[in-house]
Amino acid sequence: RGVPRAHAPPVAQQGGSPPPLRRPTAKAMQRSVAVLGDDVALGQGCPISKSFVDEIQRVLEPHGVDVLNWSREEQTVAVCATEQLNDLQAQLQDTVATSSQTAVVIELGIHDRVFLGEMLGDTLQMLVRVVQDMNAIPIVMQVVPDDVDQRVAQDLGAAFVPAPASLVEQFAKDPKHPFIPHPDAHKDLAKNLLAVLGKELQLPLAADDKKDTLLAGGQRRDSKTAADGHGSGFDGVWMHKDQPSLLEIIKDGIIKSDDGSSAKVQPISHDSFFIEQQGHRVSAEVRGNELIWSDGDIWCRVENFGVPTMGRPPQRKSKGDMNSFMAAWEQAEEACLQTTKELRKNEIGSERERLEQERRRIEAARQQLEDGMKTLHEETENVSRIREEVRELEMRQSRGFFGCCSAG
């Protein structure tokens, strides 16, 4: 395990009860950010002062924001929501009372996933509601790149910090629990967290870290564009490096393939995103003119290529070619859509004709059945009439026989 930070509360001795949460000293009314985390927030495996908490503290303190680390080794959502709940509420009450604005970053769950299973979401919701009830801003931070944290944040309207691409890739390669991020991922964790903190606390953090506002190739993008992925550095035409004939277009946050399929881009940072594919999350990161996917696939940007090689697709000659290609692509899409509509119309017409034929067949069968029933009815009446005539004849013969006997 890494060495706990000096500003972290002491760890409970094995077998003993957890120590009470440290309460902050009285300060001037300033903004506060409390990190309620586990081994990750303590920087397990990181060099001293290199955890994501240390990173955000260095950025936020010049803005008058007090960063408090309430994290503990092996701390869990379950314990915070039960055994430590009273201490947590008291500490939150003191912090809110001495701060003009308080945000609580909830970085928990790596240990809960081992034993809580499906109950993790419900327990995390309880903790988020506690923070909301204390008039603080809950920020749910995703470390394990599954959908538990994001679903809780969406359900309760809490701020959400997505896991960076580096963690998505690490977890895809080794999805074990408890999941401990690689030390190099802490900078990416801090970057994503600062983006959310800047929005929630209305801090001009983007101006302090201009590198985070630059896209590949030096193109600049504002924070709104970075958040929704529209007009991003991902946009353009891409070729599969191992199959140059396969083209993909990324536009307005949507990936469109030449086979008609599409996928929504979910931005992670200014140079990475993920998509949901057949129930699995696949991430991608822009590196120069290449898009590197976590499943090993590599796409190459069609524009701005140099001399063609066996491992790199040929260059597009001009921007005009690109515009023509995009227009042709849209026309092809429209033609495909129109063709699909016509096919559906033809299918509907064929189905109607089939149903009409079936209706006629049933009508003929019904008429045939009615004719058969009518014939059967007539035959039944004839049989009844014949029976009546036979009975009457027998009665006449019987009366004649008895009359002859009387005369003799």
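In this predicted model, strand β4, covering residues 137–141, runs parallel to β5 and is joined to it by three bridges. Within that pairing, Met141 sits opposite Val161 of β5. Helix α6 (residues 148–156) packs on the sheet here, touching β4 and β5, and its direction makes about 165 degrees with that of β5.

Stepping back to the whole sheet, β4 and β5 belong to an open, five-stranded arrangement with parallel pairing, in the order β2-β1-β3-β4-β5. The edges are taken by β2 (65–69) and β5 (159–161), each of which pairs on one side only. From one strand to the next, the twist averages 20 degrees. Helix α1 (residues 52–60) also packs on this sheet, and its contacts take in β1 (30–37), β2, β3 (99–107) and β4. The direction of α1 makes about 165 degrees with that of β2.

Now for the helix pair. Helix α5 (residues 120–133) packs against α6 with the two axes 10 Å apart and at an angle of about 45 degrees. That angle makes α5 oblique to α6, and the crossing is right-handed. On the α5 side, the contact is made by Leu120, Gly121, Leu124, Gln125, Val128, Arg129 and Gln132. The α6 side brings Val148, Asp149, Val152, Asp155 and Leu156. Sorted by class, the contact of α5 with α6 comes to six nonpolar, three polar and three charged residues.

One of the α5 residues in this contact, Gln125, is worth a closer look. Gln125 has a relative accessibility of 15%, so it counts as buried, the cut-off being under 20%. Setting aside neighbours within four places in sequence, Gln125 is in contact with Val152, Asp155 and Leu156, and those three residues are on the α6 side of the helix contact.

Further along the chain, the pairing is antiparallel. Strand β12 (residues 280–287) is joined to β13 (residues 290–293) by four bridges, with the two strands running antiparallel. Arg287 has Glu290 of β13 as its bridge partner. The β12 and β13 hairpin leaves two residues between the strands, and Gly288 takes a positive phi near 65 degrees.

On to the next hairpin: β13 also pairs with β14 (residues 298–301), again in the antiparallel sense, over three bridges. Here Leu291 has Trp299 in β14 as its bridge partner. Four residues lie between β13 and β14, and in that turn Gly296 has a positive phi of about 100 degrees.

Key: Residues numbered from 1 in each chain as written. Predicted model: local features only at pLDDT ≥ 70, side-chain atom pairs only at ≥ 80, totals over all residues. Heavy atoms only, no water. Pairing = 2+ DSSP bridges. Axes fitted to C-alpha atoms, helices over the stretch in contact; angles between N-to-C directions. Contact = heavy atoms within 4.5 Å. Parallel < 35°, antiparallel > 145°, perpendicular 65-115°, else oblique. Left-handed = near helix turned anticlockwise from the far one by under 90°. Nonpolar A, V, L, I, M, F, W, Y, C, P; charged D, E, K, R; others polar. Buried < 20%, exposed > 50% of the residue type's maximum accessible area, 1.4 Å probe, protein only.
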